[in-house]
Amino acid sequence: MKCTREVPFFNYPYVFKSQESEFLSIIKKVGEKGAFIMQEELVEFEKNIANYVGAKYAVGVGNATDGMHLVLRAAGIGAGDEVIFCSHTMVATAAAIYFAGATPVPVECGPDHLIDPESVEQAITPRTKAIMPTQLNGRTADMDALQKIADKYNLIIIEDAAQALGSKFKGQCAGTFGLAGVVSFYPAKTLGCFGDGGIVFTNDEEIYRKLSMIRDHGRDENGEIVMWGFNSRLDNIQAAILNYKLTYYDKEIVRRRELASLYKKLLRDVKEVVLPPGPDDDPDHFDIYQNYEIEAERRDELKKFLEKNGIGTIIQWGGKVVHQFEKLGFNVSLPFTERMISRSLLLPMNTSLSDEDVYYVANKIREFYGYKEI
């Protein structure tokens with residue numbers, strides 16, 4: 001039987017078609033100048049996005065994974081050091097630590113699916129040098145608790161804020177709490193480009209100076225090679241597109257929060273489902289809803305049912321958190337996180353969704369569990 005409605009998890013064509021003429025004009029303008037790498041568009045975007053989050057500096061890089069890796073190197077973290085991270089994250093977080101030469105140490109998430117401060121403190125050893133919280137799904141962790149731990153043990157904080165541009169904790173933006181923070185511009189992100197891209201925020205002038213050189217083969221402002229570096233630069237076309245999209249980014253966030261409120265309204269009585277915090281649940285948190293991650297009983301059956309009804313969902317990372325990938329060599333048990341990921345499901349959450357789409361998704365979930373349609 002044909003579905004009555006199609007709701008893809010993410011509508012990639014919509015991202016371009018929604019403002020096709022503007023995007024083509026931007027690409028044409030940059031192309032006609034021949035300004036593709038490390039030019040005016042990148043400088044302007046770095047300035048504007050730093051102002052947006054309230055950071056002194058922003059450094060555009062090829063992707064967020066590179067950004068985390070380069071920050072760790074700039075901070076002098078490497079062989080013999082340990083960096084604590086939440087296992088409920090994309091493997092990129094741990095990979096950045098690993099390729100910097102340090103040891104990634106996975107810990108539990110809490111009920112909000114973000115890093116658990118108590119688990120962090122329990123994992124600290126004499127080799128621990130940093131905490132790398134992932135600001136997952138568009139929510140910022142309890143940074144007061146993490147900073148207290150960092151101060152107690154003389155650790156630095158580097159934020160994986162890949163999914164959290166504009167998310168806030170007590171009024172402060174994700175990516176601006178620690179020594180540095182990194183955001184992703186992957187196309188499906190809340191602020192996405194048309195390829196890979198990332199940015200590093202920092203208020204530390206020395207880290208900014210090092211990052212600016214490391215991303216560009218170790219070149220200083222005079223073009224002199226003064227250190228070993230990498231090739232990881234946000235290109236000008238992507239920077240120009242992102243700079244334009246930044247002008248209406250707040251409207252995108254408003255819409256995501258509206259969608260989250262609607263999901264909560266329609267599903268809050270479904271006892272078989274645990275919803276993420278709502279937009280107005282906690283005055284300390286301003287969430288941007290990069291993803292809408294629920295926990296659901298009979299998760300796999302629910303996913304298949306929704307798929308049959310034209311609804312796209314995702315089980316993050318194939319249903320495994322980082323420490324569960326056996327080939328990576330972790331030997332640790334994290335019971336809370338393991339149970340959570342076995343129940344986790346991402347529902348459609350993006351600005352291509354209409355209210356009617358959300359009603360359709362929610363009512364199919366209600367139908368699956370035997371609740372009356374709203």
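How many of the 11 residues of H9 are buried? We'll start there and work outwards, keeping in mind that this is a predicted model.

## Helix H9, wrapped up

The count is 9 of 11, so H9 is largely enclosed by the rest of the structure. Run down the list of its buried residues and you'll meet Asn-236, Gln-238, Ala-239, Ala-240, Ile-241, Leu-242, Asn-243, Lys-245 and Leu-246.

And what do those residues pack against? The partners are H1, H2, H3 and H10. One of these, H2, is a good place to go next.

## Helix H2 and its two sides

H2 covers residues 20-33, and you can check its length yourself. With 14 residues at 1.5 Å a residue, H2 should span 20 Å, and its end C-alpha atoms are indeed 20 Å apart, so the two values agree.

Which residues of H2 are buried? They are Phe-23, Ile-26 and Val-30. Look down the axis of H2 and these buried residues fall within an arc of 60°, so they line one face of the helix. The cover over them includes H1, helix H3 (40-53) and helix H9 (236-246). Turn to the other side of H2 and you find Ser-21, Lys-28, Lys-29 and Glu-32, which are exposed.

Just after H2 comes Gly-34, with a positive phi of about 70°. Lys-33, in turn, is linked with Glu-40 and Glu-41 in a network of salt bridges.

## The sheet

Now for the strands. Seven of them make an open sheet in the order S1-S9-S8-S5-S4-S2-S3, and the pairing is mixed. Strand S1 (57-61) and strand S3 (103-107) sit at the edges, each pairing on one side only. On average, neighbouring strands in this sheet are turned by 25° against each other, direction ignored. H3 packs on the sheet too, touching S1 and strand S9 (198-202), and its direction makes about 130° with that of S1.

As a bit of background, strands of a sheet pair through backbone hydrogen bonds, either parallel or antiparallel. Both kinds turn up here: S2 and S4 run parallel, joined by 4 bridges, while S1 and S9 pair in the antiparallel sense over 5 bridges. For a closer look at the parallel pair, find Val-83, whose bridge partner in S4 is Ala-130.

## Strand S9, covered on both faces

Is S9 mostly covered or mostly open? Mostly covered: 5 of its 5 residues are buried. Gly-198, Val-200 and Thr-202 are buried on one side, and Ile-199 and Phe-201 are buried on the other, so both faces count as covered; buried here means under 20% relative accessible area.

S9 has a strand on each side in the sheet order, S1 and S8. On the S1 side, Val-61 stands opposite Gly-198 of S9. Strand S8 (residues 180-184) also pairs with S9 in the antiparallel sense, over 5 bridges, and there Gly-181 stands opposite Phe-201.

## Salt bridges, far and close

How many salt bridges does the structure hold? There are 22. Here are some you can find on the model.

One of them joins the side chains of Arg-5 and Asp-357, with N to O at 2.7 Å. Arg-5 lies in the segment before helix H1 (12-17) and Asp-357 in helix H13 (residues 355-369), so this pair ties together parts that are 352 residues apart in sequence. Arg-5 is partly exposed, at 31% relative accessibility, whereas Asp-357 is buried, at 11%.

Another links Asp-81 and Lys-129, whose closest N and O atoms are 3.5 Å apart. Asp-81 is in the loop between helix H4 (64-74) and strand S2 (82-86), Lys-129 is in strand S4 (residues 128-132), and the two are 48 residues apart. Here Asp-81 counts as buried at 10% relative accessibility, and Lys-129 as partly exposed at 36%.

For a salt bridge within one helix, try Arg-255 and Glu-258, with the closest N and O atoms 3.2 Å apart. Both lie in helix H10 (residues 249-267), and being 3 residues apart they are separated by about one helical turn. Glu-258 is partly exposed, with a relative accessible area of 41%.

Key
Residues numbered from 1 in each chain as written. Predicted model: local features only at pLDDT ≥ 70, side-chain atom pairs only at ≥ 80, totals over all residues. Heavy atoms only, no water. Salt bridge = Lys/Arg side-chain N within 4 Å of Asp/Glu carboxyl O. Buried < 20%, exposed > 50% of the residue type's maximum accessible area, 1.4 Å probe, protein only. Expected span 1.5 Å × (residues − 1). Arc of directions from axis to C-beta. Contact = heavy atoms within 4.5 Å. Pairing = 2+ DSSP bridges. Axes fitted to C-alpha atoms, helices over the stretch in contact; angles between N-to-C directions.
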